[in-house]
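Biologist: I have not looked at this one before. Can you walk me through it?

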Amino acid sequence: MTQITRDALNQAISAVGAAIEAADPHGKAHGLRTLLTYGLYKLFDDLRGQKRAFDREAFMAGLRRAQMMAETHPVVLQAESPAAAAETIEVFTADLYSRCWTYYTDQEFLDMAKLFDKRFVMSGISLDLKGKKCIDLGCGSGRYVIAMADAGASESWGFDLSERAIADGTARAQRLGYSDRCHFQAGSVLELPFEDESFDFVSCNGVLHHTTDPKKGLAELARITRKDGIAYVMLYGSGELWWDLTDMMRSVMACVPRGYAFSALELLSVAPGKVFNYMDHVFVPCREVISHAEFQDRLRAVGFKSWQIMERGEMIDSAERKTLFAEDADLVGEADLRYVCRF
Ligand SMILES: C[S@@+](CC[C@H](N)C(=O)[O-])C[C@H]1O[C@@H](n2cnc3c(N)ncnc32)[C@H](O)[C@@H]1O
């Protein structure tokens, strides 16, 4: 059997988006939009979690099924709708993520914290945080703040835009017995309230690409890192099929209130990790993807002189897929960017 091409997958993704818009030209069929985009997200996420080359036939079959469902849906004709209240990007982003964090139990939260260490170990990068002053920028409820404390940090700080995530993180740290070493503060990474060179280790995992000015965020991160310290940054790499799928989903879901989507996923008892991942990729207002070459230019511009790239991780990390399955190269593009940087 000949392999399904990236182009054929992209065409099928576009066809689903077009079929949904044809069925619902006024953006009223929230249920149809949520069901089909969540169904495709779930299928993709399950397939990319399998330790084998990406199953293109299964994904194509799912796309065809979604297209057929949209094409056989009655056309929704009503046009009027109440105007939604305007929100700033920061308010929207903070509310979106802080809601996602609250779904995790403390045990699930501790299990997620283990990922921090695992990715470094798998990539063969040793990181000694014993006695170090550390911070996680855009920490959410602080899974990596706890991980850094477990790794021996003398002070482990969490910093996030969302007051609610910071309150959740503070309460979790207290419940789990970390409040002596973990500290939390709310604010924006675009204007950090810390002195130059305040921290030995600065982590920023999946955050800068959701801000209105990723370059300024990187400059702030570099500013607060000690010149003999280390920074860890994770960003989205360009060129993945995932971005084509989620671009279509974002476009289809733009008319659906996020509260509706949260409620639908809750009603379906969707697991916290999948609620987070779906809501994150479908609703977050800012989402930049970047090449390694461009990111390395940005690192040089803020003074970093050397870096190690983490090429291993969880199966759902596109960098892990890129390392293990050469035949998926056309689907993963640049893959996730995970950098450990020094001055
Ligand atoms: C995808 S989550 C990643 C959370 C965490 N780093 C982790 O890996 O568990 C993105 C986080 O960045 C935060 N965030 C987005 N924009 C921010 C900004 N301008 N300043 C501080 N935090 C921000 C969000 O509130 C959210 O908690």
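Modeller: We can take the ligand, then some single residues, then the salt bridges and the surface.

Modeller: This is a predicted model, where local features need pLDDT of at least 70, side-chain atom pairs count only at pLDDT 80 or more, and totals for chains, interfaces and linings use all residues. Residues are numbered from 1 along each chain as its sequence is written, and side-chain values use heavy atoms, with hydrogens and water left out.

Biologist: How many residues surround the ligand, and which are the closest?

Modeller: The ligand is surrounded by 17 residues, and the closest are Gly138, Arg143, Asp160, Val189 and Asn205. A residue is taken as near when one of its heavy atoms lies within 4 Å of the molecule.

Biologist: Which helix gives the most to that shell?

Modeller: H4 does, with three residues. Helix H4 (89–101) and helix H6 (143–150) each supply at least two. Helices here are DSSP runs of H or I with at least four residues, strands are E runs of at least two, and both are numbered from the N terminus.

Biologist: What about polar contacts to the ligand?

Modeller: In the side chain of Arg143, an N or O atom is 2.5 Å from an oxygen atom of the ligand. For Asp160 the corresponding distance to a ligand oxygen is 2.7 Å. Ser188 has a polar side-chain atom 3.2 Å from a nitrogen atom of the ligand. On its own the ligand has 600 Å² of accessible area, and the protein covers 97% of that. Such areas come from the Shrake-Rupley method with a 1.4 Å probe; for residues, only the protein chains shown count as cover.

Biologist: Switching to Gly217: buried or exposed?

Modeller: Gly217 is buried, because its relative accessible area is 2%. Buried means under 20%, exposed over 50%, and partly exposed in between (1.4 Å probe, protein chains only). Gly217 sits in helix H8 (residues 214–224). Leaving out residues up to four places away in sequence, Gly217 touches Val189, Leu190 and Leu208, where contact means heavy atoms within 4.5 Å.

Biologist: And Arg172, what does it touch?

Modeller: Beyond four places in sequence, its contacts include Trp101, Tyr104, Asp106 and Ser141. Arg172 is in helix H7 (residues 163–175), and it counts as buried because its relative accessibility is 2%.

Biologist: How many salt bridges are there?

Modeller: The count is 32, with a salt bridge being a side-chain nitrogen of Lys or Arg within 4 Å of a carboxyl oxygen of Asp or Glu. One of them joins Arg33 and Asp24, with the closest N and O atoms 2.6 Å apart. Arg33 and Asp24 are both buried.

Biologist: Any that link distant parts of the chain?

Modeller: Arg175 and Asp106 meet in a salt bridge at 2.7 Å, N to O. Arg175 is in helix H7 and Asp106 in helix H5 (residues 106–122), 69 residues apart. Arg175 counts as exposed because its relative accessibility is 51%.

Biologist: Which residues form a network?

Modeller: Salt bridges link Lys42, Asp45, Asp46, Arg48 and Lys274 in a network.

Biologist: Last one: what is on the surface?

Modeller: A nonpolar patch there is formed by Leu35, Met68 and Met69, with about 270 Å² of accessible area together. Patches take residues with over 30% relative accessible area and no salt bridge, joining like charges within 9 Å and nonpolar side chains (Val, Leu, Ile, Met, Phe, Trp, Tyr) within 5 Å. Met69 lies in helix H3 (residues 56–71) and counts as partly exposed, at 34% relative accessibility.

Key:
A polar contact is a pair of N or O atoms within 3.5 Å; within protein, one must be able to donate a hydrogen and the other to accept it, and residues adjacent in sequence count only if both atoms are side-chain atoms.
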